[in-house]
Amino acid sequence: MKPPPFAYAAPGTRAEALALLARHGYDAKVLAGGQSLVPALNFRLARPPVLVDINGIPGLDAIAERDGELSFGALVRHTDAERSALVARRCPPLAKAIGHIGHRTIRNRGTIGGSIAHADPAAELPLVMVALGGRVNAASVRGERWIAASDFFTGYLATALEPDELLVEARFPVLASGATWGFQEYSRRSGDFALAAACVTLSRAGGKVTACSIGVAGGGPVPVRASAAERALIGTDGGSGACLAAASSAASGIEIDGDIHGSAAYRRSLVETVVRRALWTAAGLTS
Amino acid sequence: MGTAESSNRFVGKSIPRLEDRRFVTGTARYIADINMARQGHVAFVRSTQAHATLTKIDASAARSAPGVIAVVTGDELAASGVKPIRTPFATNGYIESDWPALAQGKVRFVGEAIAAVVAESRYLAEDAAELVEVEYDSLPAAVTIDAAMAPGAALVHDHMKGNLYNDDTRSFGEIEVDAAFAQAAFVVEGTFDTQRSAALPIECRGSVADYHAATGRFTLWSSTQLPHVVRHGLADCLGVPHDTVRVLGPDLGGGFGNKANMDPEQVVVCGLARMLGRPVKWLEDRRENLLASTHGQEERITARLAADAEGRFIALETDILLNGGAYSIFPDTPLNELMNCTSSILGPYRMKAYRYRARAVVTTTCPHGPVRGVARSQANFAFERLVETLAAKMNLDSIELRRRNLLLPAEMPCKTLTGLTRDGGDYAGLMDLAVERVGWRRVKAGQAAERAKGRYVGVGLASFAEEGASGTERRIPRQLLSIAGYDGAFVRMDMHGRVVVFSSAAGMGQGIETSFAQIAADELGVAPDHVTIRHNDTDMVPYGMGSTGSRSAVSSGGAVVVAARRVQAKLLTLAAHLLGVDAAAVRLRHGGVEVAADPARFVSIERLAWIAYRRAEGNPPGFEPGLEAVGFYDPPSSVSSGSTHAVVVEVDVETGAVRLLAYVVAEDAGILLNPAIVDGQIRGGAVQGIGKALFEEVRYDPDGQMLNASLMDFLAPTMSEVPPIEVVHMITPSPLTINGARGCGESGIIGSSAAIGNAIIDALGGRGEGLSVLPFTPERVVGLARQLGVRA
């Protein structure tokens, strides 16, 4: 469990980092918190010839609110986001989700940008980003571009980032005024990747659901929005029965694979459970 | 002569652990800290196939890679004089497997070592290992018990027909088993599958080997629980006299059975040191530890229990199959697991007749080795599940059913049908204690109300007796000669009255540097912190078995008593002479020796020690100088700690998650040398037991590829999954051991699976049957809930 040989670069500026990525392309891998990359190196599952360590680049660790979104520099550590009063106040489902990421030592070191760019299908941040409709800013020597969450996660551990691009910022919309939310995750042990997780928001007016989002992770290659379930829920009273129906629809409508921790059928039942519990939480119902 | 009053004794007190300063300050030294000048670092090329003929090994590219010192294959190692690992076992019908330390001709499990790369660093060694080209001619894998026993299954070893290490059937009892079943009022039966587990010490294995050509002496620093046993096995494999091999080790970061073997890697590093003329070091990484050290406890127990109309057990019949893996581990072989299973399954109960059939199956998987509990947890799971099934069938409270069958204090000491000694304690009292402390009746009374609120809460228990510290009488008939049943100690008091004890035990975190110091302190009238315990060095300590099978407190601790009393006798003789009285008139007390009838007449330990060495004043005629003695202690055949585990669980019937709300262990381990240390042992064992019940399982695919050889996928419990574990003791000194202690190093793990399983079934409103496969994964729990018609 020693990594294969690699060249190591520690650029001191964003421009230097982007130049390195432009030069090495697919041969380069970005090292941020290292919580996924370093184990992959030690197992020799990842063999990048060049590691570009971005930890020395200034200005990538800010949390701020901008135009109705929370902005996170790529190097914001999970723990800092978890303990941010701004995040807790403006985007509580995100704060709640971050508490489920690994263990404290992992959250102390792991980064917001790294977790999103790594795109583990069972990870919390990609789920929340898809559920809330966030976006990321990808920078390269060619310039910057914003990529919506719905376009960003393209497959298992795969994203829309080009090999010369660096994820420099992630944005999550603040929770809409009056909206309620729920986040539910089930994992075998505390800190494990989710077997199933759901992040939902609900807006209601006049006793009817006027808007909702239902994000689901676990079992499929990417976190997804359960759009059919969302459509079915809008216009209902958002009560217990409506939530049950939406959860059932969400579970039947998504792609799920079994693995050593659970069969596809079991995982599908978990999806239904976490979606329903998240919806009930958002609707102010108790199970 | 005599010793100090019990209130002044250190044994029985929870003094802080003397070894902990170095552990909590990060200054302990482990095998990774041992370094030799000119050492080469070893990386193994391991098989990627479960079963294959090796058609070609091309190491030419690896040999010319940067920093590579050598690449050695199995044939080359054998040519240097290294013989395969052999494990003779004195049981009828057992067939040995020869295990070449590096594969020759064939591989039999994924992870089997094929070649060793020695380089200037581990990084370079791993880089070069990737360059060794191995060509395989695949053979069919046989991963499971069923696959290996299927008609036409490929033979893993050509000489082992039917892929069996053994096929052993025995009957016990005054009455005939079939007749007993014929006359039974109730018969219950079940088949129980227990998962393949891993011992998972935090420190993986590792060795540093040095060979001195001029003297022909080997030195092996190794992370081992059994230094003398390893020396024995190594000398045989290396073809050298035993006295030319020294095995020693620094601190161990846990063992749990994973280091109670002589491993192929230990043989390889010694062989490499001899071939290369320079020291070599191998540190196992976590992947190797999970993939290729040892696994254990994958058993299928089919059992039938007969009872009379009042529920008194009459007869038990078992058919036990063990997945023994690809090779027979030294020294235990797979049969040790089977013998523990067949013998311990009778538990703390009466039984009139018993018959078993026991087979260890050869498969193309990692070899079977001991894991804490060694089949006793599996046997307990099967039996205690059957007890619940019987209680349900009789519509009888299972606590009452156990009470009708538990051995009474007045019946002990006695032997079970299989020859285990039950040496006392109040087994029913322990059960009652556990039931009371866990809040059994309160939980049962509130169960219906909780269920109405959608909460599924249940209680479960398991009773057992852990036999441990088995002596020569029990060890020798079943084991190869490298395993003694006894342990040794050498005690030296220096001229200042400070004491060093050299023990054949192995310290692996279990606190022997404290508990043995307490023993020596009591026998020698000194303070425990004036006693140093040395261990893990075959050149330094007396011969003895080492630390395995819950034996150190009794066996190695007993040897400390024997040796220390020899030194004590000299102190008393010398004191009597100095005080001008008969030896019978003096007694030891803390700090010195006094005249029993006149305690004011006293001589200090320091003065006695000085005189014994320096002869500063007249010694008695013929007094042999010095204060040193060696002693051995051979424990009784076996002694048994009684115990009951009781737990409260809450089940999420939708996800299948099981939360432990309360966990109680009631225990009678006899005299507790240091109660805090015993509590720690039991809690640690229970944590491992919770892992076995709910989380841990080594998984293979049908081709023999391990699916979870990392700590991301092999799920050991963490702090978050473990409830507070309450340990309560009854103390009935063993009448059979020298210090009144019993072994309890594995008691924490034995009852967990049965107690948790019984509690889950209770929570779901079931009675008796269900949950016969370990671990109780959420998916299996959900399956049981659906089977019982429970839905949120």
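The following exchange asks how terms and values for chain A and chain B of this predicted model are reached.

In this predicted model, local features need pLDDT of at least 70 and side-chain atom pairs count only at pLDDT 80 or more, while totals for chains, interfaces and linings use all residues. Residues are numbered from 1 along each chain as its sequence is written, chains are lettered from A and ligands numbered from 1 in the order in which they are written, and side-chain values use heavy atoms, with hydrogens and water left out.

User: Why is the meeting of Arg44(A) and Asp127(B) called a salt bridge?

Analyst: A salt bridge requires a side-chain nitrogen of Lys or Arg within 4 Å of a carboxyl oxygen of Asp or Glu; the side chains of Arg44(A) and Asp127(B) meet at 2.8 Å, N to O, so the pair satisfies the rule. Across the interface of chain B and chain A, the rule finds seven salt bridges.

User: Which helices of chain B each supply at least two residues of the side that touches chain A?

Analyst: They are helix 4 (122-129), helix 9 (286-292) and helix 22 (778-787), where helices are DSSP runs (H or I, at least four residues) numbered from the N terminus.

User: How do you know how many residues of chain B are in contact with chain A?

Analyst: Contact means heavy atoms within 4.5 Å, and by that criterion 34 residues of chain B are in contact with 24 residues of chain A. By class, the side of chain B that touches chain A has 13 nonpolar, seven polar and 14 charged residues, with Asp, Glu, Lys and Arg counting as charged, Ala, Val, Leu, Ile, Met, Phe, Trp, Tyr, Cys and Pro as nonpolar, and the others, Gly among them, as polar.
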